[in-house]
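Okay, can everyone see the screen? I'd like to walk you through one structure today, a few residues at a time, and then step back to the whole chain.

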Amino acid sequence: MENMLDRNSDRPLHRQLSQIFLQKIEGGEWQEGQVIPREVDIMESFGVSRFTVRQALEELAKAGYLERTKKRGTVVRRFKVEQNLSGFYSFARDMAAQGLEPTSKLLSLEEIEPDEETVLVMGLPEETSNITHLRRLRMVNNEPLLIEDSYLALPPTVDLKAHDWRIMPLYNVLETQYGIKVERAEEFLEPCILGEEEADLLESVPGAPAFRVERLTYDRDSHLFERRISLIRGDRYRFHIELPKVELLK
């Protein structure tokens, strides 16, 4: 494979080598989670120094394509789904916009008595008897990504059991079928780890890093009708926000 490198080129050998590796990843020759050849084997195949090999691997590791581990060696990294926080977002719509296939699995849909924290956070009247609890497993390309618990204080005329929540977007149903339009939302993010039940649903391991995202959703009358808690796999998800330039205080 040495002839794949142009030693007369102005491009450094490590840059040429990283491009060859990138083509292997994007072309599917090196699959996600696969351990790539050892440094010594790459050295022998391409006729380059260990330093050159390490430069190429580090370049791809910094770009997010490879992960260097002590036990397994260098592994093709699994790409993370990205969520933009610069504005109001919808899981299904935003995943589809990235060329991904979002699906959902209904875990439960029932009327429950709200706990004290939910009553306090949502400002529910003390005499509130029941609210609706919609629990879904959200997936991307058939891979479990997050567990979503929505606690909903809705008018009696809203019948959520009449809809297929494996395919129906919640906010779209509320607006088109019941006239409840989302006006704004607040979100609170914090790191956490997965427990046994959550890890099993997300096909991960207990103790794995995760994000806990709490959303408070308001309608056009500024009525807080939803408290949503999402538990998201930290190894498959990252958030992005654009920070606009502001004038410095004088």
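Let's start with Val-121, and the question is how much of it is covered: buried, partly exposed or exposed? Val-121 has a relative accessible area of 29%, and since partly exposed covers the range between 20% and 50%, that makes it partly exposed. Before I go further, please keep in mind that this is a predicted model.

So where does Val-121 sit? Val-121 is in helix α5, which runs over residues 116-122. Now, which residues does Val-121 contact, if we leave aside its neighbours within four places in sequence? Those are Glu-214, Leu-216, Leu-224 and Arg-227. Take Arg-227 from that list: Val-121 and Arg-227 are 106 residues apart in sequence, and yet their C-alpha atoms are 8.0 Å apart in space.

Stay with helix α5 for a moment, as Thr-118 lies there too. Thr-118 has a relative accessibility of 1%, so it counts as buried. Skipping residues up to four places away in sequence, Thr-118 touches Gly-123, Leu-124, Ile-131, Tyr-151 and Arg-227. You'll recognise Arg-227, which is also in contact with Val-121.

Next, have a look at strand β9, where we find Ile-229. The strand covers residues 224-233. Is Ile-229 buried or exposed? Ile-229 is buried, because its relative accessible area is 17% and the cut-off for buried is under 20%. Leaving out neighbours within four places in sequence, the contacts of Ile-229 are Ile-147, Glu-148, Asp-149, Tyr-151, Arg-212, Val-213 and Glu-214. Two of those names have come up already: Tyr-151 is touched by Thr-118, and Glu-214 is in contact with Val-121. There's also a C-alpha to C-alpha distance I noted for Ile-229 and Phe-188: 9.5 Å in space, with their positions 41 residues apart in sequence.

While we're around here, let's check the loops. Ser-222 is in the loop between β8 and β9. What is its phi? Phi of Ser-222 is near 65 degrees, which is a positive value in a residue other than glycine. Glu-203 is another non-glycine with a positive phi, about 55 degrees. You'll find Glu-203 in the loop between α7, residues 196-201, and β8, residues 209-219. With 57% relative accessibility, Glu-203 counts as exposed.

Now let's go to the aromatic rings. How many aromatic pairs does the structure hold? The structure holds four. One of them is Phe-21 with Phe-46: the ring centres are 6.1 Å apart and the planes are at 80 degrees, so this pair is edge-to-face. In case those two numbers seem like an odd choice, a pair of aromatic rings is described by the distance of the centres and the angle of the planes.

And what does this pair tie together? Phe-21 lies in helix α1, residues 13-26, and Phe-46 lies in helix α2, residues 39-46, so the pair ties together parts that are 25 residues apart in sequence. Phe-21 is buried, with a relative accessible area of 1%, and Phe-46 counts as buried too, at 3%. Add Trp-30 to Phe-21 and Phe-46 and you have one aromatic cluster.

Helix α2 also has Glu-39 in it. Glu-39 is a buried residue, with a relative accessible area of 14%. Beyond the residues up to four places away in sequence, Glu-39 touches Arg-50, Val-53, Arg-54, Leu-57 and Arg-68.

Okay, let's zoom out. The chain has seven helices and 10 strands. Of its 250 residues, 38% count as buried. Along the principal axes, the C-alpha trace spans about 75 × 50 × 30 Å. Its radius of gyration is 24 Å, whereas a compact globule of 250 residues would have one near 18 Å.

What about contacts over the sequence? Among contacts between residues at least 6 apart in sequence, 59% join residues at least 24 apart.

Finally, surface and charge. The accessible surface comes to about 15300 Å², and carbon and sulfur atoms account for 49% of that. As for charged side chains, there are 34 positive and 45 negative, and the centres of the two sets lie 8 Å apart.

That's my tour, thanks for listening!

Definitions and conventions:
Residues are numbered from 1 along each chain as its sequence is written. This is a predicted model: local features need pLDDT of at least 70, side-chain atom pairs count only at pLDDT 80 or more; totals for chains, interfaces and linings use all residues. Side-chain values use heavy atoms; hydrogens and water are left out. Helices (H or I, at least four residues) and strands (E, at least two) are DSSP runs, numbered from the N terminus. The radius of gyration is taken over C-alpha atoms; the globule rule is 2.2 Å times the number of residues to the power 0.38. Buried means under 20% relative accessible area, exposed over 50%, partly exposed in between (1.4 Å probe, protein chains only). Contact means heavy atoms within 4.5 Å. Accessible areas come from the Shrake-Rupley method with a 1.4 Å probe; for residues, only the protein chains shown count as cover. Lys and Arg count as positive and Asp and Glu as negative; His and the chain ends are not counted. The place of a charge is taken as NZ of Lys, CZ of Arg, CG of Asp or CD of Glu. Rings of Phe, Tyr and Trp (its six-membered ring) pair if their centres lie within 6.5 Å; planes under 30 degrees apart count as stacked, over 60 as edge-to-face and the rest as tilted.
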